[in-house]
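Q: Got a minute to go through this one with me? I'd like to start with how the helices pack, then look at the ligands.

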Amino acid sequence: MTSGGHGTDGVERRGLMFVLSSPSGAGKTTLSRMLIDRMPGLKMSVSATTRSMRPGEVNGKDYTFVDKATFDAMVKADELLEWATVFDNSYGTPRGPVEAALSAGQDVLFDIDWQGTQQLKQKARADVVSVFILPPSASDLEKRLHSRAQDSDEVIRKRMSRASDEMSHWAEYDYIVINHNVDDAFAEVQSILKAERLKRERQTGLVSFVRGLQGQLQG
Ligand SMILES: Nc1nc2c(ncn2[C@@H]2O[C@H](COP(=O)(O)OP(=O)(O)O)[C@@H](O)[C@H]2O)c(=O)[nH]1
Ligand SMILES: Nc1ncnc2c1ncn2[C@@H]1O[C@H](COP(=O)(O)OP(=O)(O)O)[C@@H](O)[C@H]1O
């Protein structure tokens, strides 16, 4: 998957797929929102899910909330770039908006689990940059799930018991960030994205840019 966009310095560059994963409650939604607000050229991939809407969530913005029959039809029609079952619900990435953003030269941010990350890597390894967010401790994780105050005690228990499973995949990720403090964690995630945007192989316009510079030097 390639794109013909331009970096902030005007050199043409390939779009990248920036993936954040973590156990539930470690802070990936918070960090994703900060990235979208503060990093131009980055677009959120809005997943489809069969889970029910939490208070404050907006259909089409946080997720596209669908029933199981609709989700299954999307899978059948190959409309999802990847999909997985998490906490007994189906989650998947609609293909169209991702492909449109990448070909318009934007980077795409994904808040998806390890299963989805593996599927994206199989499809486009060179374009995927993956970051795993860890909580500082189990008690912080539990506190955060409670402080979010959007899930029942039973749902929180389920998410805590799945945290260890999700975390066992940390070593499959390119970068690991421990979310002690939101501002520090954000600065780290932002630095990763900024550096990855500057990778030589992503700056497809460099050959002609350098040729232009050489021409100026000779002329
Ligand atoms: N594979 C995959 N995982 C997703 C997708 N959307 C969300 N997830 C993951 O599903 C899990 C549960 O998400 P959610 O119910 O919003 O709870 P959260 O963990 O508190 O954000 C998280 O690990 C998300 O990263 C998707 O499109 N594909
Ligand atoms: N570094 C942090 N310190 C304290 N609370 C945090 C921190 N990062 C996130 N939170 C809070 O923890 C809760 C869970 O964060 P959220 O971003 O929803 O996690 P996730 O998307 O990984 O499930 C939210 O109430 C959020 O405001």
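A: Sure. One convention before the helices: angles under 35 degrees count as roughly parallel, over 145 as roughly antiparallel, 65 to 115 as roughly perpendicular and the rest as oblique. Also, keep in mind that this is a predicted model.

Q: OK, so at what angle do α1 and α7 pack?

A: About 60°, with the axes of α1 and α7 10 Å apart. An angle of that kind falls in none of the named ranges, so α1 and α7 are oblique to each other. As for handedness, α1 crosses α7 in a right-handed way.

Q: Which residues in α1 and α7 meet there?

A: From α1 you have Thr30, Leu31, Met34 and Leu35, and they meet Val182, Ala185, Phe186, Val189 and Gln190 in α7. By class, the α1 and α7 contact has 7 nonpolar and 2 polar residues, with no charged ones.

Q: And α5 with α6, how are those two oriented to each other?

A: Their packing angle is about 150°, and the axes are 11 Å apart. Over 145 counts as roughly antiparallel, so that is how α5 and α6 run relative to each other. The α5 and α6 crossing is right-handed.

Q: What makes that contact?

A: On the α5 side, Leu141, Glu142, Leu145 and His146; on the α6 side, Ile156, Arg159, Met160 and Ala163. The α5 and α6 contact splits into 5 nonpolar, 1 polar and 2 charged residues.

Q: Switching to ligands. How many residues surround ligand 1?

A: There are 19 around ligand 1, and the closest are Ser24, Ser47, Ala84, Tyr91 and Gly116. Sorted by class, the ligand 1 shell has 6 nonpolar, 9 polar and 4 charged residues.

Q: Which element gives the most to that shell?

A: β7, with 4 residues. β7 (80-86), β8 (89-94) and α4 (114-124) each put at least two residues into the ligand 1 shell.

Q: What about ligand 2, which residues come nearest?

A: Gly27, Thr29, Thr30, Arg144 and Arg148, out of 14 around ligand 2. That shell has 2 nonpolar, 9 polar and 3 charged residues. Here α1 and α5 each supply at least two residues, and Thr30 is also one of the α1 residues that meet α7.

Q: Last one: which domain does UniProt list?

A: An unreviewed UniProt entry lists residues 15-194 as "domain: Guanylate kinase-like". In the model, the end C-alpha atoms of residues 15-194 lie 12 Å apart, and the span is 44% helix and 23% strand.

Technical notes
Residues numbered from 1 in each chain as written. Chains lettered and ligands numbered in written order. Predicted model: local features only at pLDDT ≥ 70, side-chain atom pairs only at ≥ 80, totals over all residues. Near = placed C-beta within 6 Å. Nonpolar A, V, L, I, M, F, W, Y, C, P; charged D, E, K, R; others polar. UniProt positions renumbered as here; feature names shortened; annotations may be inferred. Axes fitted to C-alpha atoms, helices over the stretch in contact; angles between N-to-C directions. Left-handed = near helix turned anticlockwise from the far one by under 90°. Contact = placed C-beta atoms within 7 Å.
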